[in-house]
2 protein chains.
Amino acid sequence: MTERNAGSPSISKSEQAYTAIKAKILGGEFTPGYRLVLAALAADLGCSVVPVREAIRRLEAENFVTFERNVGATVAGIDPTEYLYTMQTLSIVEGAATALSAPLITASDITRARAINAQMRECLNNFDPVRFTSLNQQFHSVLFENCPNPHILDLVHRGWNRLQALRSSTFSYVPGRASESVAEHEGLLQILESGAPVEDIERAARAHRASTLDAYLARSTPEQQAQGPLALSY
Amino acid sequence: MTERNAGSPSISKSEQAYTAIKAKILGGEFTPGYRLVLAALAADLGCSVVPVREAIRRLEAENFVTFERNVGATVAGIDPTEYLYTMQTLSIVEGAATALSAPLITASDITRARAINAQMRECLNNFDPVRFTSLNQQFHSVLFENCPNPHILDLVHRGWNRLQALRSSTFSYVPGRASESVAEHEGLLQILESGAPVEDIERAARAHRASTLDAYLARSTPEQQAQGPLALSY
DNA sequence: AGATACGAAATCGTATACAATCATCGTAGT
DNA sequence: ACTACGATGATTGTATACGATTTCGTATCT
């Protein structure tokens, strides 16, 4: 038997670099505007610059970094409107993913989601934002992971990643929003159980995200609020 | 004054490679399944393999090619369901982009779109698919280019690119669909002129794409038709 | 003092070289 | 005849080297 990867990498440096840099962006270690210097990253990762370049170009194509010729890469999303745009985009693709998943969802899925939401409710006392966010993602994953269209699912995942990057750097949590969110989750589950038409499910999923955005906007500057019709939930 | 780029490139080989390869994919020269060999591409482009690698990783992040470690890259989308998924995704993001553009659209935009649609109508005799497709893209551009959310706009553009790649390789045009399309365009314009609520506009934009998909499905195999609830237009 | 021109340091861009890995095909053994 | 195995060629993965470009500090001129 040909023993594959006997302790040796089998995972390319390029992949390692991609994962490591992305993790640092998502984790908030590299905040928006941070300058990504090839040589420094390479030294940090213990490899040469070539794999790092590849990783950065990939991250660029995923809109996690911006790149300028002969100048270099910086972590994207320094603009506060970025959060608005990301949330809006996510509301659309997540709404669609949830709607497309709905016909395929099982009773056991619903039970699982409800259990997660119960944990979120418990989590409201001694509020731990990290745990709450993780549970929130798990909850929504149950609702949209059945989506048969891989492209849409991919867009949803990218949106969540992007959101995580923005959250761990610039944007803070809105007090009181967490408990609202838990309540809305229960509403979503009931709509799903009732076998409502997909249109209603999409509308509800969108509205859920839109109200998170509204909660944020309510505390933000008038200029941001005047960004035009951003909600797109009916 | 420092003369910038005096005849010299100023555009990187990496960028050239990216553009060239993407163009060949979109143009149908590299059809789905085509094996992209680094050395061959590099020789073709007159550069070394490093820029080509970067270009390919970027194309991978945009889902134009699939990549396997130590094996290489192949042009993506060989699966016929790919067309369904792409159309569905596009119906969602384009619907949203059109709806978000609607409040910002001007009377002159409408006039311009109507002129383009008139050219499409003329084009129906002596049907030229390439010209028709180009006009079609121009028409829809007018309707969604005002979208204030750059992320969504980017997704729409990617969708159109992806569609073009699929069209120029595997999928053919559905006879008779073109004239239907022109008629639907006029309907869209009237809804926009009437100042209908964004919800209606989004619905109409989705439905327009959905009916193109339906026309395709009507001639395809039963297995594809049984792919589940793909329409998501109400 | 302010603006401009110059130069050095930092950084990116790409070619080349070589190691690592995988696919193919021929050969030996059953 | 068929399968297991090993050599060979093709292709990818990465390091290093060096040229190209930008940036920024400094000196010079007005």
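Me: Before we start, what counts as a polar contact here?
Reply: A polar contact is a pair of N or O atoms within 3.5 Å, and I should add that this is a predicted model.

Me: OK, what does Lys13(B) do with DNA strand C, then?
Reply: A phosphate oxygen of DNA strand C lies 2.4 Å from a backbone N or O atom of Lys13(B), whereas for Arg53(A) a polar side-chain atom is found 2.4 Å from a phosphate oxygen of that strand.

Me: And Asn70(B), which part of the strand is that one facing?
Reply: An N or O atom in the side chain of Asn70(B) is 3.0 Å from a sugar or linking oxygen of DNA strand C.

Me: Which elements give two or more residues to that surface?
Reply: In chain A that is strand 1 (35–36), and in chain B helix 1 (13–26) and helix 3 (49–61).

Me: How many residues surround DNA strand C overall?
Reply: There are 20 of them, with Arg53(A), Asn70(A), Lys13(B), Ser48(B) and Asn70(B) the closest. Of the atoms of DNA strand C that come within 4 Å of the protein, 85% belong to sugar and phosphate.

Me: What about the residue classes there?
Reply: The surface near DNA strand C is made up of nine nonpolar, six polar and five charged residues.

Me: Switching topic, how are chains A and B related?
Reply: Chain B superposes on chain A, with an RMSD of 0.1 Å, after a rotation of 180 degrees with 0.0 Å of shift along its axis, and that is the relation of a two-fold axis.

Me: Why say the copies meet through the same surface?
Reply: Because 100% of the interface residues of chain B are also interface residues in chain A.

Terms used. Residues numbered from 1 in each chain as written. Chains lettered and ligands numbered in written order. Predicted model: local features only at pLDDT ≥ 70, side-chain atom pairs only at ≥ 80, totals over all residues. Heavy atoms only, no water. Near = heavy atom within 4 Å. Polar contact = N/O pair within 3.5 Å; in protein donor to acceptor, adjacent residues only side chain to side chain. Helix = DSSP H or I, 4+ residues; strand = E, 2+ residues; numbered from the N terminus. Nonpolar A, V, L, I, M, F, W, Y, C, P; charged D, E, K, R; others polar. Least-squares fit on C-alpha atoms with pLDDT ≥ 70 in both. Contact = heavy atoms within 4.5 Å.
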